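Q: I should like to learn how the features of a protein model are read. May we work through one example together?

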Amino acid sequence: MSRQNTAPGASAAIGAALYGLATRAARRLPRDMSLTSAATLATLDRTGPRRITDLAAVEGVTQPAMTALVRVMEESGLVERRGDASDKRVTLVCLTEAGAIYVRTRRQAGVHAFERLIGELTGDEIEALVAALPALRHLAELESQDREGPKQ
């Protein structure tokens with residue numbers, strides 16, 4: 001179906017369904033840390049080491065707030081600060097092994113939660129989701145590019 005042939009309101013209906021699903025999923029996550037902290041760890045996992053100012057922009061918080069958040073995560077052993085080999089004036093925030101394990105564990109818990117729900121769907125509904133996978137993956141790529149900007 002081309003963009004011109006899309007039924008009026010389909011984008012809005014799809015957007016509403018995806019947004020509702022995402023917000024419900026976020027509410028089910030463990031509350032062992034703030035959503036901003038978890039999102040920052042996930043960003044570092046996806047994009048690699050980043051400057052604090054870049055992380056603040058990506059996560060939509062102020063630079064002082066991100067500095068405080070990084071300090072707490074550093075004290076918890078989830079991130080560490082390292083110098084940038086290409087610019088000795090720059091400090092990068094890097095995910096530690098413990099941080100990477102935390103991100104993988106949290107992500108896997110989310111995957112398992114959706115697997116349980118998908119198990120309650122009909123065969124036709126599962127087939128429809130499988131057919132939508134390429135579009136969903138592309139949406140995720142577009143959102144990441146829009147939100148995270150260029151990798152440092």
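Q: Is arginine 82 buried, exposed or partly exposed?

A: Buried means under 20% relative accessible area, exposed over 50%, and partly exposed in between (1.4 Å probe, protein chains only). Arginine 82, at 43% relative accessibility, counts as partly exposed. Please note that this is a predicted model, in which local features need pLDDT of at least 70 and side-chain atom pairs count only at pLDDT 80 or more, while totals for chains, interfaces and linings use all residues. Residues are numbered from 1 along each chain as its sequence is written, and side-chain values use heavy atoms, with hydrogens and water left out.

Q: With which residue does arginine 82 form a salt bridge?

A: A salt bridge is a side-chain nitrogen of Lys or Arg within 4 Å of a carboxyl oxygen of Asp or Glu. The partner of arginine 82 is glutamate 80, and their closest N and O atoms are 2.4 Å apart. Glutamate 80 is partly exposed, at 28% relative accessible area.

Q: Which parts does the salt bridge between aspartate 45 and arginine 107 tie together?

A: Helices (H or I, at least four residues) and strands (E, at least two) are DSSP runs, numbered from the N terminus. In this pair, the closest N and O atoms are 3.2 Å apart. Aspartate 45 lies in helix H2 and arginine 107 in helix H5, so the bridge links parts 62 residues apart in sequence.

Q: Which residues of H5 are buried?

A: They are Gly99, Ala100, Tyr102, Val103, Arg106 and Ala113. Exposed residues Glu97 and Arg116 are carried on the face of H5 turned away from its buried side.
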